[in-house]
Amino acid sequence: MTPPSTAPASSSRGGRWIERWDPEDETFWKETGEKVARRNLLFSVLSEHIGFSVWTVWSVMVLFMGPEYGLTPADKFVLVSMATLVGAIVRVPYTFAVAIFGGRNWTVVSASLLLIPTVAAFVVMEPGTSFTTFLLCAMLTGVGGGNFASSMTNINAFFPLRKKGWALGLNAGGGNIGVPVMQLIGLAVIGAGGGPRVLLGIYIPLIVVAAVLAAVYMDNIASLKNDSGAAKEAVRAGHTWIMAFLYVGTFGSFIGYSFAFGLVLQTQFGRTPLQAAYVTFIGPLLGSLIRPVGGALADRYGGAKITLWNYVAMAAATGVVVLASLRESLPLFTAAFIVLFVLSGLGNGSSFKMIPGIFQNKALAMGLRGEEAAAYGRRLSGASMGLIGAVGAVGGLGINMAFRQSFLTVGSGTGAFVAFLVFYGLCFVVTWAVYLRRPAGQDRATEATTETKSQLSYAEV
């Protein structure tokens, strides 16, 4: 495969910089843009995929760590919780790094940084190592969580608005699938009698490959710049924080359950590491695969509509999980939990698609049209995605801490699931009230006009 040449490199910068990028221009998109965007998407997915694998490696590592490591179930929930927390925090600077260094350049750097937590864990992973050392190594894996934010910001700039749901869904889904792949590899290692160091050793060369491929085949967009005004406006925009709340319900659920599923099976149902590993990958795998479907459905029917009914389904699935937990029915619990994973993945795609549409509608409400409106939408959606992604990932921390407290208090995860059920109900209400509720007396014909003028309805975002 020969490295492509899409645009002359900037003589002042060097490297692979594209000076002109206008995906909303259909002629440009068909003749040049689509091929370049798809190539960057491919290698962005690869890097983000490995980033997710590294971020969630401790969800597998704790299954290996038997009594000889001296860790309680509560200690293990703390380890995976801190990995989640750091991954959420670093999403904010990672979002802005793309415009500072370039999408291709930052992908190389962020992929290379994955070597730090992987090598560190490889060195210390043995009985007798202190809990503090394990905790520090788990926190270092948070850099893998940051890869999502920079990758999404970068790919958001490559695609036109009409393609963003599919592209962002595919990019995120390809990254999310790093979770079940890590768990599958962990299952194979456990089944073969290997230890944690074998699992870590598999990923070290893969990280190097991802960084090299990003350097050779990806591009930087010269016009993608950090806009402090856009960042401040995104922070002040109420929709940024509303969508962050909704993203806690979708992505926070996905990543939180991904970290916790195996531990819940071990702690509540007494599964062995191998028994837990046999099923833990199924939910994250299906949830990752369906994320692009959520984006595509949102492109067709409207992100708010898909997200709304997805929360109804998530609440129903959680209700079944609570019932199964009370009855101590492992088959029903496992099946309902996997369904919950699938729905969280679907909601990831539909809710993230809402973000560009919301700010595009805001531009129309301000009287902007054409490329001016599209440019405004790109500025604000790009600036808000990192914040939304970071807050959403904090939801994963909340889920793991809720499980920890529930097991300490009542000896099972039932209490945590009841709390999640209530939260999904709140997400349903917020989605309906903010993005789908029509003003009193407004009919469909009036709604289409009012939507672009008053921001009263975002039913099509």
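These are my notebook entries on a predicted model, covering confidence, core, salt bridges, one helix contact and three single residues.

**Entry 1. Confidence**

I began with the pLDDT values of the predicted model. The chain has a mean pLDDT of 86, and 91% of its residues reach 70 or more. I then looked up where the value falls. Over residues 1–12 it stays under 50, and the model has 20 contacts for this stretch beyond four places in sequence. Residues 440–460 are also below 50, with 38 contacts in the model beyond near neighbours in sequence. Where pLDDT is low, the predicted coordinates should not be read in detail. I therefore do not interpret the coordinates of such stretches in detail.

**Entry 2. Nonpolar core**

I next examined the largest nonpolar core, which has 125 residues. Which of its members touch the most other members? I noted Trp21, Trp58, Leu199, Tyr257, Phe333, Phe403 and Phe417. Helix α13 (residues 238–269) supplies the largest share of this core, with 15 residues.

I followed Phe333 further. Leaving out residues up to four places away in sequence, I found that Phe333 touches Phe261, Val264, Leu265, Phe269, Val321, Ala324, Ser325 and Phe417. Phe417 thus appears twice in my notes, as a contact of Phe333 and among the core members with the most contacts to other members.

**Entry 3. Salt bridges**

How many salt bridges does the structure hold? I recorded seven. Side chains of opposite charge can pair when their charged atoms come close.

I looked up Asp25 and Arg20, which form a salt bridge with the closest N and O atoms 3.7 Å apart. Asp25 is partly exposed at 28% relative accessible area, and Arg20 is partly exposed at 47%.

I then turned to Arg197 and Glu126, whose side chains meet in a salt bridge at 3.6 Å, N to O. Arg197 lies in helix α11 (residues 196–217) and Glu126 in the loop between α6 (115–124) and α7 (131–140), so the pair ties together parts that are 71 residues apart in sequence. I noted Arg197 as partly exposed, at 32% relative accessible area. Glu126 is likewise partly exposed, at 39%.

The pair of Lys353 and Asp299 came next, with its closest N and O atoms 3.9 Å apart. This salt bridge links distant parts of the chain, as Lys353 belongs to helix α17 (residues 330–365) and Asp299 to helix α15 (residues 282–301), 54 residues apart. Is Lys353 buried or exposed? I found Lys353 buried, because its relative accessible area is 10% and the cut-off for buried is under 20%. Its partner Asp299 is partly exposed, at 32%.

Finally, I noted that Arg16, Arg39 and Asp219 are linked in a network of salt bridges.

**Entry 4. Contact of α3 with α4**

I looked up how helix α3 (residues 73–89) and helix α4 (residues 91–101) meet. Their axes come within 4 Å and cross at roughly 35°. Gly87, Ala88 and Ile89 of α3 make the contact with Arg91, Val92 and Pro93 of α4. I sorted the residues of this contact into four nonpolar, one polar and one charged.

**Entry 5. Ala172**

I located Ala172 in helix α9 (residues 161–176). Ala172 is buried, with 0% relative accessibility. Apart from neighbours within four places in sequence, Ala172 is in contact with Glu48, Phe148, Met152 and Arg291. I also checked Gly144, which lies 28 residues away along the chain, and obtained a C-alpha separation from Ala172 of 13 Å.

**Entry 6. Glu328**

Where does Glu328 lie? I placed Glu328 in the loop between α16 (303–327) and α17. Its phi is near 55°, a positive value in a residue other than glycine. Glu328 is exposed, at 66% relative accessibility.

**Entry 7. Ala402**

My last residue was Ala402, which is found in helix α18 (residues 370–410). I recorded Ala402 as partly exposed, with a relative accessible area of 23%. With neighbours within four places in sequence set aside, Ala402 is in contact with Ala416 and Phe420. Ala402 and Ala416 are 14 residues apart in sequence, and their C-alpha atoms are 5.4 Å apart in space.

Methods: Residues are numbered from 1 along each chain as its sequence is written. This is a predicted model: local features need pLDDT of at least 70, side-chain atom pairs count only at pLDDT 80 or more; totals for chains, interfaces and linings use all residues. Side-chain values use heavy atoms; hydrogens and water are left out. A nonpolar core is a set of buried Ala, Val, Leu, Ile, Met, Phe, Trp, Tyr and Cys residues joined through side-chain atoms within 4.5 Å. Buried means under 20% relative accessible area, exposed over 50%, partly exposed in between (1.4 Å probe, protein chains only). Helices (H or I, at least four residues) and strands (E, at least two) are DSSP runs, numbered from the N terminus. Contact means heavy atoms within 4.5 Å. A salt bridge is a side-chain nitrogen of Lys or Arg within 4 Å of a carboxyl oxygen of Asp or Glu. Axes are lines fitted to C-alpha atoms, for helices over the stretch in contact, and angles run from 0 to 180 degrees between N-to-C directions. Ala, Val, Leu, Ile, Met, Phe, Trp, Tyr, Cys and Pro count as nonpolar, Asp, Glu, Lys and Arg as charged, and the others, Gly among them, as polar. pLDDT is the predictor's confidence in each residue, from 0 to 100.
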